[in-house]
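Work through the following exercises with the structure at hand, trying each task before reading its solution.

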Amino acid sequence: MRLSHEEVEHIALLSRLKLSDEERERMTTQLNDIMAFFEQLGELDTTDVEPTSHVIPMSNVLRADEVKPSLPADDVLANAPERAGDTFRVPRVVE
Amino acid sequence: MSDELLLTAAEAGRLIARRELSSRELTRACLERVRAVEGAVHAFVRISDDAALKRAEEIDRRIAAGENLGPLAGVPLALKDIVCTRGEVTTCCSRILEHYVPAYDATVVQRLRQAGVVFLGKTNMDEFAMGSSTENSAFGPTHNPWDLERVPGGSSGGSAAALAAMEAPLAVGSDTGGSIRQPAAFCGITGLKPTYGRVSRYGLIAFASSLDQIGPMTRDVRDCALLLQVLAGHDPMDSTSVPAEAPDYAAALDGDVKGLRIGIPGEFFEYRGRRVSREIEDTVRAAVRVLEGLGAVAEEISTPHLQYVIPVYYIIAPAEASSNLARYDGVEYGHRTPAPVEDIVELYRQTREEGFGAEVKRRIMLGTYALSAGYYDAYYGKASQVRTLIRRDFEKAFERCDLLLAPVTPSLPFRLGEKTDDPVEMYLSDVCTIAANLAGLPAMSVPCGHARGLPIGLQIVGKPLDEATMLRAAYAFQEATDFHRLTPRPSPAGEAGGAVVQWAGRGPA
């Protein structure tokens, strides 16, 4: 299958990207070129093959639930584009 | 260029510990070399002159006071700009993190500090480690010291070039699909991607979390073993870190490879009808014969599912990246658009549009699509299943073999600009390296020859957590050859690189 401009625009929205017309044009061609490779996987029967999401045989790594110091708020907020007191400031989210 | 720059890190460390060379002297020589060649090479994005000299003096004082800091104390190191350093700008070579100052040190940085290493600065890389040429850096490309018209490889191209240009004796890189090994091969240096989980990823800016590993980049195998020793080990701050002690890697460097069983997987030499270049194949096969001459036993083997590494990797890595990079939203840290915005979604979109480069956007788009409703099973699910088949091929291979030998790259270093408009061609340059990441295996690149004045790497792939056997074979090979001692002609800016090479250090055997 091939992606249309509209689908690429939809993926850009899901990705929280905003593409210029020129970028969208180029992206559509390039994504389709790359996805042509993806079709190769259809050659393989993978019925009953367990997926690998992680290569090392470890799961549910646990540790004691102990209170430890966090980073000081000032250190964390030092990189904030905009702050208000001890919080991050953003444009209005709810009306 | 001063003579101390030709020392390996192990040699320099030994002299510093004996106080026959000061860390300050060596650090100053490195900084002078950096000044002389950076205009042509651009391996670094930030250089910390003052901090490095201050640190070197501190190490000299501590050694003078009788402190034993280990074999690499006082030796300068170039750190890839993907590793967080407390209080020092760390950008991942992205506009979106251009002014980001981490509030903490990565675990590997803490370990390197404890080992007394001197940080020279941060090295250039493809933005968020996405690329194979370092051309995707937001701060301009790095040039290959062997030929300034060619790429150093990527994404750890700055670290590799800094070593090849004799700017630093040690470097650290990261490898998600070949980002340590491919630049190591292109720049004629030694680079090792450890087993997934061997080195802590705490403080490594995430690209694809099931694939990323930090590893050593050096000019020879002994330095590689010593630097891996510093980096490796369990870390409770990284839940994917393997709770196993790292063995003494230097102990594996005894040159004995008698009876070692080596597999040569044919699929590494040809991917769907595209064969690696003749000069690469001939050079790698000659390297196999060197190890056979030392008593190793080689046999041709098959890992059939390697024919699927490109689609599997270019689904899984972007899928993980699209999720990891969702955090760059202009709220907590990083770039925020100065443009007036109506609402929060507009803030996110405008910020990300301005902050990310073309390749990063491409991968976010690919990954978002591969994970989106209706396509998840066909793409991400399927790729994760084929990943299992790739792993099983290696498990089978390692029932018969101790190590696998293969090319690192399908071709010699390509020219700057040659593949930038063709992402598919660029992706295919990773074809020999990504399997080790998908299977979580340790793998390294060792210099094994030259063609047309450009270096070629031999890839050694090991069993999980068996970096020692890999280093053993690499060391035996290195001691039987001299390729690791070849350097680009040491010369000032403008003259570095080219077909003229000069024996450095001890000269040919």
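**Exercise 1: A loop residue**

Find the partners and the surroundings of Asp86(A), leaving aside residues up to four places away in sequence.

Solution. With those neighbours left out, Asp86(A) touches Ala73(A) and Leu77(A), where contact means that the C-beta atoms, placed from the backbone, lie within 7 Å. The C-alpha atoms of Asp86(A) and Ala73(A) are separated by 6.8 Å, although the two residues stand 13 residues apart along the chain. Next, place Asp86(A) in the loop between β1 (83-84) and β2 (87-88) of chain A; helices (H or I, at least four residues) and strands (E, at least two) are DSSP runs, numbered from the N terminus. Finally, Asp86(A) counts as exposed because it has 9 C-beta neighbours inside 10 Å, the cut-offs being 20 or more other C-beta atoms within 10 Å for buried, 12 or fewer for exposed, and partly exposed in between.

The model is a predicted one, in which local features need pLDDT of at least 70 and side-chain atom pairs count only at pLDDT 80 or more, whereas totals for chains, interfaces and linings use all residues. Residues are numbered from 1 along each chain as its sequence is written, and chains are lettered from A and ligands numbered from 1 in the order in which they are written.

**Exercise 2: Two packed helices**

Describe how α8 (residues 278-293) and α15 (residues 467-480) of chain B pack.

Solution. Their axes lie 10 Å apart at an angle of about 95°, axes being lines fitted to C-alpha atoms, for helices over the stretch in contact, with angles from 0 to 180 degrees between N-to-C directions. α8(B) and α15(B) are therefore roughly perpendicular, a term that covers 65 to 115 degrees. At the contact, Ala287(B), Val290(B) and Leu291(B) of α8(B) meet Ala473(B), Ala476(B), Phe477(B) and Ala480(B) of α15(B). These residues divide into seven nonpolar, no polar and no charged, where Ala, Val, Leu, Ile, Met, Phe, Trp, Tyr, Cys and Pro count as nonpolar, Asp, Glu, Lys and Arg as charged, and the others, Gly among them, as polar.

**Exercise 3: The side of chain B that touches chain A**

How many residues of chain B are in contact with chain A, and which helix gives the most?

Solution. Begin with the totals: 53 residues of chain B are in contact with 39 residues of chain A. Among the helices that each supply at least two residues to this side of chain B are α9 (309-324) and α12 (377-400). The most comes from α12(B), with 11 residues. By class, this side of chain B has 28 nonpolar, 14 polar and 11 charged residues.

Technical notes
Contact = placed C-beta atoms within 7 Å. Parallel < 35°, antiparallel > 145°, perpendicular 65-115°, else oblique.
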